[in-house]
Amino acid sequence: MAIQINDGPAVWKQTQGCSEGSCTSPLFWNIVADEILKTDWPKEVHLQAFADDFAFVISGRSRRELEQHTSFALETFKNWTDKNEFNISIEKSQYLIGKLSRGPVVRWNSQSI
């Protein structure tokens, strides 16, 4: 990577990822994200991406079924984040529950969301 300064080009070795704001950043992100988005999810699990944010829509007929589908989805997603050395912000993570009076337990890496 190089940038022009008064004394000539300043060069540094890019060791990971690509520069934020780079015109190629979205392309590289799309290539990496494409793998998890093309995962063959069960019909009860849908994954949607919004730039670098992801949203799961998961359905189930009972609390237990919802927990099972959620656990499967998050385990699969965690395998992908680990493989690509991504960190997930638990503080920014949240979930919404529909018609259940008591929602499922949702955890990421043994931390409650």
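This report describes the fold, strand pairing, aromatic contacts, salt bridges and surface of one protein chain.

**Overall architecture**

The model is predicted. The protein contains 2 helices and 6 strands, and from the N terminus on these elements follow the order β-β-α-β-β-α-β-β. Of its 113 residues, 20% count as buried. The accessible surface amounts to about 8900 Å², and carbon and sulfur atoms account for 51% of that area. When contacts between residues at least 6 apart in sequence are considered, 39% of them join residues at least 24 apart.

**The hairpin of strands 3 and 4**

Strand 3 (residues 45-50) runs antiparallel to strand 4, and 6 bridges join the two. Within this pairing, Gln48 stands opposite Ala55 of strand 4. The two strands form a hairpin with 2 residues between them. Ala51, which lies in the turn, has a positive phi of about 55 degrees.

**Aromatic contacts**

The protein has 10 aromatic pairs. One of them is formed by Phe54 and Phe77, whose rings are arranged edge-to-face, with 5.1 Å from centre to centre and 70 degrees between the planes. This pair links distant parts of the chain: Phe54 belongs to strand 4 (residues 53-58) and Phe77 to helix 2 (residues 63-83), 23 residues apart. The two partners also fall into separate accessibility classes. Phe54 is partly exposed, because its relative accessible area is 23%, whereas Phe77 is buried, with a value of 6%. Both residues are members of one aromatic cluster, which is made up of Trp29, Trp41, Phe54, Phe56, Phe72, Phe77, Trp80 and Phe86.

Phe86 is also touched by a residue of helix 2. Thr81, found in that helix, is in contact with Phe86, Ile88 and Trp108, leaving aside residues up to four places away in sequence. The relative accessible area of Thr81 is 2%, so this residue counts as buried.

**Salt bridges**

The count of salt bridges comes to 5. Three of them are set out below, with the separation of N and O atoms.

| Lys partner | Acidic partner | N to O distance |
|---|---|---|
| Lys38 | Asp34 | 3.4 Å |
| Lys43 | Glu44 | 3.9 Å |
| Lys78 | Asp82 | 2.9 Å |

In the bridge between Asp34 and Lys38, the acidic residue is partly exposed at 33% relative accessibility, while Lys38 is exposed at 64%. In the bridge of Lys43 with Glu44, Lys43 is exposed, with a relative accessibility of 78%. Its partner Glu44 has a relative accessibility of 19% and therefore counts as buried, the limit being under 20%.

For Lys78 and Asp82, the position along the helix can be stated as well. The two residues are 4 apart in helix 2, which means that about one helical turn separates them. Lys78 is buried, with a relative accessible area of 17%, whereas Asp82 is partly exposed at 42%.

**A nonpolar surface patch**

Leu27, Phe28 and Ile31 make a nonpolar patch of about 310 Å² on the surface. Of these residues, Ile31 is placed in helix 1 (residues 25-37). Ile31 has a relative accessible area of 54% and is therefore exposed.

Conventions. Residues numbered from 1 in each chain as written. Predicted model: local features only at pLDDT ≥ 70, side-chain atom pairs only at ≥ 80, totals over all residues. Heavy atoms only, no water. Patch = residues over 30% accessible without salt bridge, like charges linked within 9 Å, V, L, I, M, F, W, Y side chains within 5 Å. Areas by Shrake-Rupley, 256 points an atom, 1.4 Å probe, with all protein chains shown as cover. Salt bridge = Lys/Arg side-chain N within 4 Å of Asp/Glu carboxyl O. Buried < 20%, exposed > 50% of the residue type's maximum accessible area, 1.4 Å probe, protein only. Phe/Tyr/Trp six-rings, centres within 6.5 Å; stacked < 30°, edge-to-face > 60°. Contact = heavy atoms within 4.5 Å. Pairing = 2+ DSSP bridges.
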